[in-house]
Amino acid sequence: MAAAEPAARKRRPKGHFAAAGRAKRPRGGGRQLEAGMRGILITCNMNERKCVGEAYSLLGEYGDLLYGPEQFSDHEERLSGSEREEDEDDVEAALKKEVGQIRTSTEQKLRRFQSVESGANNVVFIRTRGIEPENLVHHILKDMHATKKKKTRVILRMLPISGTCKAFMEDMKKYAETFFEPWFKAPNKGTFQIVYKARNNSHMSREEVIKELAGIVGSLNPENKVDLNNPQYTIVVEIIKNVCCLSVVRDYILFRKYNLQEVVKSNKDIQQNPSTLTEDQSSKVVKPETEEKSSEEVKQENENHSETEAESKGNDVLTV
């Protein structure tokens, strides 16, 4: 009987323990989008893994041009032969050296560009270090617009994210008051529009966010004016779960809303294929009801139907 018991005992499936380990994988650790990060938000159609690969290649190419090749320091290579022998003889020193090597390796992997979990499907977030995301992305789009050379297949839009905060109204207002200063605080001024997009978030009100942010821009300098046709600056608001991503970009309309697939097309191509599918057109966007619009507003809505924009004049906010 004793010999029969092991044979009768049920065996667990091979993947049981592996699956349990994956389910309890710790979150955080800098590998997911969170308040305080800067970087580049990239959208794609389905193939996120390939999108990350394209992003690393493209950002690496232009990053090296603007900032020079990345410099990786290796502490072990700087040690002389005698120092290495002494370290090997000293157990404590050897242990410290190993810990230092692990720390250095981790820092290298997070050096200039690092993909983190965005919290939304078809969205990739590349965290950046030591660079200005808005300058890098603008340089990429300027070059692609001039050369009309297509460099990506799955990347759709590439938006620089200059700052992030918690996606709650009070946090956003407090953060935006300082964040907008370089562009809009007197004596600085400019024309602007606001583009808003929320993913996996239901507690934020689009109208409230637009109204509050537009009010902050107006309070920094009354000469800041709204221009939906050709603004100097576009304020990009991207909310994913409980994180609000902000940026102020130039040439948003000229560079086809920062769409890498569209910016390389000639005007002739766009006229022949006006209904090119983008992630904004293919996703379901629920727009709130608005007041009766003038003919000019309707015209603007048709031109920018894939985006949410706001116009602020005093306390009035118009959305299209």
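Here are some exercises with worked solutions on the structure above, which is a predicted model.

**Exercise 1. Which residues of helix α8 are buried, and which are exposed on the other side?**

Step 1. Find the helix: α8 covers residues 169-179.

Step 2. Pick out its buried residues, which are Met169, Met172, Ala176 and Phe179.

Step 3. Look down the helix axis. The buried residues of α8 fall within an arc of 95°, so they line one face of the helix.

Step 4. Here is a general idea that helps with such patterns. An α-helix has 3.6 residues a turn, so residues three or four places apart point the same way.

Step 5. Now turn to the other side of α8, where Glu170, Lys174 and Thr178 are exposed.

Step 6. Finally, see what lies over the buried residues of α8. Their cover includes three strands, β5 (163-166), β8 (233-240) and β9 (243-249), along with the helices α9 (181-184) and α10 (206-220).

**Exercise 2. Which parts of the chain are tied together by the salt bridge between Glu212 and Lys173?**

Step 1. Check the distance: the side chains of Glu212 and Lys173 come to 3.9 Å, N to O. The cut-off for a salt bridge is 4 Å, so this pair counts.

Step 2. Place the two residues. Glu212 belongs to helix α10 and Lys173 to helix α8, so the salt bridge ties together parts that are 39 residues apart in sequence.

Step 3. Ask how open to the surface they are. Glu212 has 26% relative accessibility and Lys173 has 23%. Buried means under 20% and exposed over 50%, so values in between count as partly exposed. Glu212 is therefore partly exposed, and Lys173 is partly exposed too.

Step 4. Look for further partners: Glu170, Lys173 and Glu212 are linked in a network of salt bridges. Glu170 is one of the exposed residues of α8 from the first exercise.

**Exercise 3. How many salt bridges are there in the model, and where do Lys189 and Glu223 lie?**

Step 1. The count comes to ten salt bridges.

Step 2. Take Lys189 and Glu223, whose closest N and O atoms are 2.7 Å apart.

Step 3. Lys189 lies in the loop between α9 and β6 (191-199), and Glu223 in the loop between α10 and β7 (225-226), so this pair ties together parts that are 34 residues apart in sequence.

Step 4. Compare each value with the cut-offs used above. Lys189, at 46% relative accessibility, is partly exposed, and Glu223, at 45%, is partly exposed.

Step 5. For another example, try Lys265 and Glu262, whose side chains meet in a salt bridge at 3.3 Å, N to O. Glu262 has 12% relative accessibility and counts as buried.

**Exercise 4. What kind of aromatic pair do Phe184 and Tyr233 form?**

Step 1. Begin with the total: the structure holds eight aromatic pairs.

Step 2. For Phe184 and Tyr233, the ring centres are 5.6 Å apart and the angle between the planes is 85°. Planes over 60 degrees apart count as edge-to-face, so this pair is edge-to-face.

Step 3. Locate the partners. Phe184 sits in helix α9 and Tyr233 in strand β8, 49 residues apart, and the pair links these distant parts of the chain.

Step 4. Add their surroundings: both Phe184 and Tyr233 are buried.

Step 5. Widen the view. Ring pairs link Phe184 and Tyr233 into a cluster with Tyr175, Phe179, Phe180, Trp183 and Phe192. Phe179 is also among the buried residues of α8.

**Exercise 5. Where in the chain are the cis peptide bond and the positive phi values of Lys148 and Lys241?**

Step 1. The cis peptide bond joins Ala186 and Pro187, with omega about 10°. Pro187 lies in the loop between α9 and β6.

Step 2. Lys148 is not a glycine, yet its phi is positive, about 55°. Lys148 is found in the loop between α7 (133-147) and β4 (155-161), and is partly exposed, with a relative accessible area of 34%.

Step 3. Lys241 also has a positive phi, near 55°. Its place is in the loop between β8 and β9, and at 40% relative accessibility Lys241 counts as partly exposed.

Technical notes:
Residues numbered from 1 in each chain as written. Predicted model: local features only at pLDDT ≥ 70, side-chain atom pairs only at ≥ 80, totals over all residues. Heavy atoms only, no water. Buried < 20%, exposed > 50% of the residue type's maximum accessible area, 1.4 Å probe, protein only. Helix = DSSP H or I, 4+ residues; strand = E, 2+ residues; numbered from the N terminus. Arc of directions from axis to C-beta. Contact = heavy atoms within 4.5 Å. Phe/Tyr/Trp six-rings, centres within 6.5 Å; stacked < 30°, edge-to-face > 60°.
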